[in-house]
Amino acid sequence: MAHGGFCVARAGGRVVFVRHALPGERVRARVTDDSHDRYWRADAVDILVPSPQRVAAPCPHAGPGACGGCDWQHADLAAQRRGKAEVIAEALRRFGGLDAVADPEAHPVSVAPAAPAGRQGESGARRGPVRVVVEAVPVGGRGSRGDRPGGDGDDGLGWRTRMRFAVTAQGEIGLRASRSHAVVAVPDCRIAHPLVAGALAGRRFPGAEAVEVAASPSTGQVAVAVYPAAAAPGEVVETVGERRFQLGPDVFWQVHPGAPEVLVAAVRDALRPRAGETALDLYSGAGLFAAFLAVDVGPGGRVVAMESDVAAVAAAARSLADLPQVSLRSLRVTPATVRGVVGSGSTAGRVDTAVLDPPRTGAGPAVMAALLAHHPRAVAYVACDPVALGRDLAAASAAGYELVSLRAFDLFPMTTHVECVALLEPHVIELIVTR
Ligand SMILES: C[S@@+](CC[C@H](N)C(=O)[O-])C[C@H]1O[C@@H](n2cnc3c(N)ncnc32)[C@H](O)[C@@H]1O
């Protein structure tokens with residue numbers, strides 16, 4: 001399994017990136033793209049020798065030429081998670097220059113989180129290769145499948161609480177086919193959370209371009225926005241622990257119901273913020289991490305949150321109004337804005353910790369260098385793209401920081417996507433002092 005939802009095969013001396021296959025299988029594949037000299041793309045259409053990890057896709061819309069929303073409906077969840085661990089380990093090796101392996105024990109079949117990789121002792125020094133294991137995350141919350149008698153909380157279905165659908169010429173909701181603009185009708189998307197499915201059941205949207213849905217399993221609320229928009233989209237309240245966040249479908253929020261709590265816990269555990277400290281939250285969205293870091297640093301501390309989406313900053317301002325130690329900056333994260341975030345020159349303030357949660361492209365080496373030039377004692381990097389994470393870890397290494405621990409969460413079952421939380425700390429070495 002490779003980054004991007006395909007497997008790697010060879011035919012006639014050429015690499016073939018093949019979808020709908022699994023490692024070890026012998027397949028007949030239809031070539032879908034032969035425009036490149038060095039590689040082709042193909043869809044497996046006949047499985048001649050199946051992998052033991054192959055299952056019948058639970059979704060009738062998955063398969064060659066059909067809906068492109070899911071990549072791995074045909075693999076059991078253990079194989080999906082092992083594949084994601086391999087993808088992360090390869091990205092860390094190739095782009096991060098790190099010694100990393102998928103954990104050979106990584107075969108989680110329960111929803112209980114496995115032990116995190118790394119974090120060996122308070123000194124921060126990591127020994128041996130980074131061992132990558134992808135942890136299952138329970139769906140939970142109101143209306144989830146796990147609530148139902150006999151329901152199975154870890155079947156990889158019914159988790160996605162935020163979805164943007166395209167619309168067919170007949171007004172049905174749909175998703176794009178893989179690498180295509182064609183819209184495939186998916187009136188019954190299997191990964192959609194039951195609250196999303198319930199809000200759209202039986203509905204048609206003739207003439208609409210897109211339909212966006214946000215469901216909050218913590219409160220049971222659902223907002224539906226139809227584009228082009230006739231009115232401002234409604235909002236839902238999300239609760240995370242004791243805190244409430246109010247936002248519309250147009251503002252970024254994690255799409256897996258278990259994600260906010262799991263990621264906040266992983267970030268707090270990594271950073272261990274102390275009262276009175278200054279923390280940065282880069283790419284802060286609706287203020288999820290800023291809110292909890294603010295509680296940890298307390299009224300005597302400070303959290304500076306930077307976000308470019310005006311609607312997200314407005315949502316954060318409402319939800320974090322009781323936390324005066326949070327300073328929300330409505331601006332783009334750039335090397336210059338990060339350099340100046342706590343003032344500059346002789347009046348510059350200190351940065352103790354930072355969390356960054358950039359979009360798929362990553363923060364980039366220049367932003368990493370600007371952030372690490374503040375010399376934070378710990379940085380939690382929340383990454384939705386292992387390749388971008390690998391590149392940014394290489395930049396961190398050049399700036400004297402090292403990967404201390406890595407956790408990976410299966411927040412996007414049935415798809416190739418995976419979320420990582422990496423802890424970076426200043427590089428430490430062991431010495432024998434001779435004189
Ligand atoms: C992956 S989301 C993370 C949001 C938040 N940390 C959360 O978990 O809810 C990335 C966020 O970065 C914002 N963003 C993208 N590029 C940005 C930039 N150059 N500067 C600031 N924010 C940016 C997006 O609007 C989005 O809210």
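Helices, of at least four residues, and strands, of at least two, are taken here as DSSP runs and numbered from the N terminus. On this basis, Asp357 is placed in the loop between β19 (353-356) and α7 (365-372). The structure described is a predicted model.

Asp357 is one of the residues covered by the UniProt annotation "binding site", which comes from an unreviewed entry and also includes Gln254, Tyr283 and Glu307. Because buried means under 20% relative accessible area, Asp357 counts as buried, at 13% relative accessibility. Apart from residues up to four places away in sequence, Asp357 touches Gln254, Leu282, Tyr283, Phe289, Val382 and Glu419. Two of the annotated residues, Gln254 and Tyr283, are thus found among the contacts of Asp357.

Gln254 is located in the loop between β15 (243-247) and α3 (259-271). With a relative accessibility of 6%, Gln254 is likewise buried. When neighbours within four places in sequence are set aside, the contacts of Gln254 are Thr161, Arg162, Ala259, Pro260, Leu263, Asp357 and Glu419.

A further annotation in the unreviewed UniProt entry, "active site", covers Cys384. Cys384 occupies the loop between β20 (378-383) and α8 (386-398). The relative accessible area of Cys384 is 17%, so this residue is buried. Not counting residues up to four places away in sequence, Cys384 is in contact with Pro358, Pro359, Arg360, Val418 and Glu419. Glu419 therefore appears in the contact lists of Cys384, Gln254 and Asp357.

Attention now turns to the strands. Strands of a sheet pair through backbone hydrogen bonds, in either a parallel or an antiparallel manner. An open sheet of 4 strands follows the order β1-β2-β4-β3, and its pairing is mixed. The edge strands of this sheet are β1 and β3 (26-33), each of which pairs on one side only. From one strand to the next, the twist averages 45°. Within the sheet, β2 and strand β4 (residues 39-49) are parallel partners over 5 bridges, and Val16 stands opposite Trp40 in β4.

An antiparallel arrangement is seen for strand β12 (residues 210-216) and strand β13 (residues 221-227), which pair over 7 bridges. Here Glu212 stands opposite Ala225 in β13. The hairpin of β12 and β13 has 4 residues between the strands, and Gly220 in this hairpin adopts a positive phi near 80°.

Aromatic side chains were examined next. Rings of Phe, Tyr and Trp are treated as a pair if their centres lie within 6.5 Å, and by this rule the count comes to 4 aromatic pairs. The ring centres of Phe6 and Phe17 are 4.7 Å apart and the planes meet at 45°, so this pair is tilted. Phe6 belongs to the segment before β1 (7-11), whereas Phe17 belongs to strand β2 (residues 14-19); the pair therefore ties together parts that are 11 residues apart in sequence. Phe6 is buried, its relative accessible area being 14%. The pair of Phe245 and Trp253 is also tilted, because the ring centres lie 5.2 Å apart with the planes at 45°. Both Phe245 and Trp253 are buried. One aromatic cluster is formed by Phe6, Phe17 and Tyr39. In addition, a charged side chain is placed over a ring: Arg164 lies over the face of Tyr227, at 4.9 Å from the ring centre.

Technical notes
Residues numbered from 1 in each chain as written. Predicted model: local features only at pLDDT ≥ 70, side-chain atom pairs only at ≥ 80, totals over all residues. Heavy atoms only, no water. UniProt positions renumbered as here; feature names shortened; annotations may be inferred. Buried < 20%, exposed > 50% of the residue type's maximum accessible area, 1.4 Å probe, protein only. Contact = heavy atoms within 4.5 Å. Pairing = 2+ DSSP bridges. Phe/Tyr/Trp six-rings, centres within 6.5 Å; stacked < 30°, edge-to-face > 60°. Lys NZ or Arg CZ within 6 Å of the ring centre and 35° of its normal. Axes fitted to C-alpha atoms, helices over the stretch in contact; angles between N-to-C directions.
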